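Please follow the structure below with the sequence at hand, taking the charged side chains before the overall fold.

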Amino acid sequence: MQLALLAGGAILRPTIVRVLGLRKTYPDGVRALDWPEGFNSHQVKAQYKTAVDELELSRDQKDRIIEIKRNVFRLNDRLISGVTRSHESRRTLRRYTQNVLVVALVILLLAYLYYRVAPKY
């Protein structure tokens with residue numbers, strides 16, 4: 001999971017900016033996905049994997065790490081699900097607003113035509 005930011009930062013950044021509406025404040029809000037100039041993600045990944053492989057962990061420690069990772073995945077899923085619903089809600093609201101405006105315009109047009117064409121008493 002820690003390596004996901006190294007691998008997916010460039011892919012995730014535009015999606016996060018679009019979904020969360022951060023275009024006006026970019027790069028604020030996604031700076032965690034930026035790396036300093038000269039940063040070599042392939043080298044860091046290799047070093048990280050080597051360091052993790054060399055850890056001497058007991059079975060209990062390994063089980064605890066797995067439990068924590070599973071919980072993090074569940075929390076990430078809930079977070080992404082909320083962002084997705086929020087984005088869908090905005091889209092639904094936009095469509096609803098457009099439909100209301102179209103209906104209002106049609107009513108106004110009909111009222112205008114009625115009063116313009118209707119016989120005057």
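Arg64 has a relative accessibility of 45% and therefore counts as partly exposed, since that class lies between the buried limit of under 20% and the exposed limit of over 50%. In this predicted model, the side chain of Arg64 meets that of Glu67 in a salt bridge, with a distance of 3.2 Å from N to O. Glu67 is likewise partly exposed, its relative accessible area being 47%. The two partners both belong to helix H3, and because they are three residues apart there, about one helical turn separates Glu67 from Arg64. As a general matter, side chains of opposite charge can pair when their charged atoms come close.

How many salt bridges does a search of the whole structure find? The search finds two, and the other pairing to consider joins the side chains of Asp63 and Arg59, at 3.0 Å from N to O. Asp63 and Arg59 are also residues of helix H3, and since they are four residues apart, the separation between them is about one helical turn. Asp63, at 37% relative accessibility, falls in the partly exposed class.

Other charged side chains gather into a positive surface patch, which is formed by Arg18, Arg23, Arg90, Arg91, Arg94 and Arg95. The element that gives the most to this positive patch is H3, which supplies four residues. Arg23, by contrast with a helical position, is placed in the loop between helix H1, which covers residues 2–19, and H2. With a relative accessibility of 58%, Arg23 counts as exposed, because the limit for that class is over 50%.

The surface also carries a nonpolar patch of about 390 Å², and the residues that make it are Tyr48, Val52, Leu55, Leu57 and Ile65. Where in the chain does Leu57 lie? Leu57 sits in the loop that runs between helix H2, residues 41–53, and helix H3, residues 59–117. Its relative accessible area is 31%, so Leu57 is partly exposed, and this value also satisfies the requirement of over 30% that applies to residues of a patch.

Tyr48 leads from this patch to Leu3, a residue found in helix H1. When the neighbours within four places in sequence are left aside, Leu3 is in contact with Lys45, Tyr48 and Lys49. The C-alpha atoms of Leu3 and Ser41 are separated by 9.1 Å, although the two residues are 38 residues apart along the chain. Ser41 itself is found in helix H2. Is Ser41 buried or exposed? Its relative accessibility is 19%, and Ser41 therefore counts as buried, given that the limit for this class is under 20%.

The chain as a whole can now be set beside these local details. It has three helices and zero strands, and, read from the N terminus on, its elements follow the order α-α-α. Of the contacts in the chain with a separation of 6 or more, 55% are accounted for by residues 24 or more positions apart. Among the 121 residues of the chain, 10% count as buried. The area that the chain exposes is about 10700 Å², and carbon and sulfur atoms supply 61% of that area.

Technical notes:
Residues numbered from 1 in each chain as written. Predicted model: local features only at pLDDT ≥ 70, side-chain atom pairs only at ≥ 80, totals over all residues. Heavy atoms only, no water. Patch = residues over 30% accessible without salt bridge, like charges linked within 9 Å, V, L, I, M, F, W, Y side chains within 5 Å. Areas by Shrake-Rupley, 256 points an atom, 1.4 Å probe, with all protein chains shown as cover. Salt bridge = Lys/Arg side-chain N within 4 Å of Asp/Glu carboxyl O. Helix = DSSP H or I, 4+ residues; strand = E, 2+ residues; numbered from the N terminus. Buried < 20%, exposed > 50% of the residue type's maximum accessible area, 1.4 Å probe, protein only. Lys, Arg positive; Asp, Glu negative; His and termini not counted. Charge placed at Lys NZ, Arg CZ, Asp CG, Glu CD. Contact = heavy atoms within 4.5 Å.
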